[in-house]
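Please look over the following model with attention to the ligand site and to the packing of aromatic rings, which are taken up in that order below.

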Amino acid sequence: MSYGRAQELPPDRKMIPFDVLVEEVRETLGLSEMAHIGWIVAIERGLMVDADHDQLLRVLLNLTRNAAQALESRAPNDPLRDQIRITGRREGAVVVVEVADTGPGIPVKAREHLFEAFQASTRTGGTGLGLAIAAELIRAHGGDISLLESVEGATFRFTIPDRAVDLDAHRGARQRA
Ligand SMILES: Nc1ncnc2c1ncn2[C@@H]1O[C@H](COP(=O)(O)OP(=O)(O)OP(=O)(O)O)[C@@H](O)[C@H]1O
Ligand SMILES: [Mg+2]
């Protein structure tokens with residue numbers, strides 16, 4: 001089975017409006033059919049993220065799909081209690097994103113190798129790839145992902161630093177011109 005950076009293309013990065021991407025996540029996830037799960041978004045106004053659109057979409061889908069699965073594992077659900085929350089903000093040259101849910105939290109036996117392929121799955125039918133792929137894609141952007149301690153549910157935080165300005169490339173382009 002193919003997974004991981006060796007099989008992924010290097011990120012093709014541009015500045016993407018983060019709120020538009022998050023809306024695409026909601027539509028792709030099919031949350032409208034899961035009206036019993038609340039979807040809360042708090043994104044800093046005008047936030048732009050310097051990322052590969054398809055790869056960042058995949059990261060967010062893997063995280064939110066896990067959250068939805070965790071919430072659904074203890075149906076019946078109530079959207080006031082059962083929520084997926086996405087926050088996004090910029091800290092200097094780094095965009096910080098959190099994906100949190102109010103589900104049962106990460107099972108203890110899944111915690112140790114959470115971001116390693118085939119290690120962490122506790123779900124029937126789960127392959128244990130979602131978080132490993134998310135971590136690879138984030139690292140390919142120069143960012144990092146971690147599980148935060150939270151009182152309830154699960155909260156993941158990841159960072160996407162802006163591309164560094166490549167002065168050599170600029171200089172080369174000027175010399176060629
Ligand atoms: N939001 C969450 N709440 C509770 N448990 C979670 C959450 N996210 C991940 N987990 C736990 O971590 C395990 C690994 O997640 P991961 O996405 O890597 O694999 P998977 O969901 O089991 O399979 P796949 O994503 O490949 O279909 C899950 O099986 C689940 O036990
Ligand atoms: Mg998963």
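**The shell around ligand 1**

Helix H2 contributes the most to the shell around ligand 1, giving 3 residues, in what is a predicted model. The elements that supply two or more residues to this shell are helix H2, which spans 53-72, and helix H4, which spans 130-140. By character, the residues of the shell divide into 10 nonpolar, 8 polar and 2 charged. Of the 20 residues around the ligand, those that come nearest are Asn-66, Asp-101, Ser-121, Thr-122 and Thr-127.

Several polar contacts can be followed atom by atom. Asn-66 places a polar side-chain atom 2.8 Å from an oxygen atom of ligand 1, whereas Leu-129 approaches through its backbone, with an N or O atom 2.9 Å from an oxygen atom of the ligand. Gly-130 likewise uses a backbone N or O atom, which lies 3.2 Å from an oxygen atom of ligand 1. Taken alone, ligand 1 exposes 590 Å², and the protein buries 90% of that area. The space that the ligand takes is the largest pocket.

We turn now to the aromatic rings. A pair of such rings is described by the distance of the centres and the angle of the planes. With centres required to lie within 6.5 Å, the count comes to 1 aromatic pair. Phe-115 and Phe-156 form this pair in an edge-to-face arrangement, at 6.1 Å centre to centre and with 85 degrees between the planes. The pair links distant parts of the chain, 41 residues apart, since Phe-115 belongs to the loop between helix H3 (108-111) and H4, and Phe-156 to strand S7 (residues 154-161).

Key:
Residues numbered from 1 in each chain as written. Chains lettered and ligands numbered in written order. Predicted model: local features only at pLDDT ≥ 70, side-chain atom pairs only at ≥ 80, totals over all residues. Heavy atoms only, no water. Near = heavy atom within 4 Å. Polar contact = N/O pair within 3.5 Å; in protein donor to acceptor, adjacent residues only side chain to side chain. Areas by Shrake-Rupley, 256 points an atom, 1.4 Å probe, with all protein chains shown as cover. 1 Å grid on protein atoms, 1.4 Å probe; cavity = no way out; pocket = protein on both sides within 12 Å on 5 of 7 lines; lining within 4 Å. Sits in = over half its atoms within 2 Å of the grid points. Helix = DSSP H or I, 4+ residues; strand = E, 2+ residues; numbered from the N terminus. Nonpolar A, V, L, I, M, F, W, Y, C, P; charged D, E, K, R; others polar. Phe/Tyr/Trp six-rings, centres within 6.5 Å; stacked < 30°, edge-to-face > 60°.
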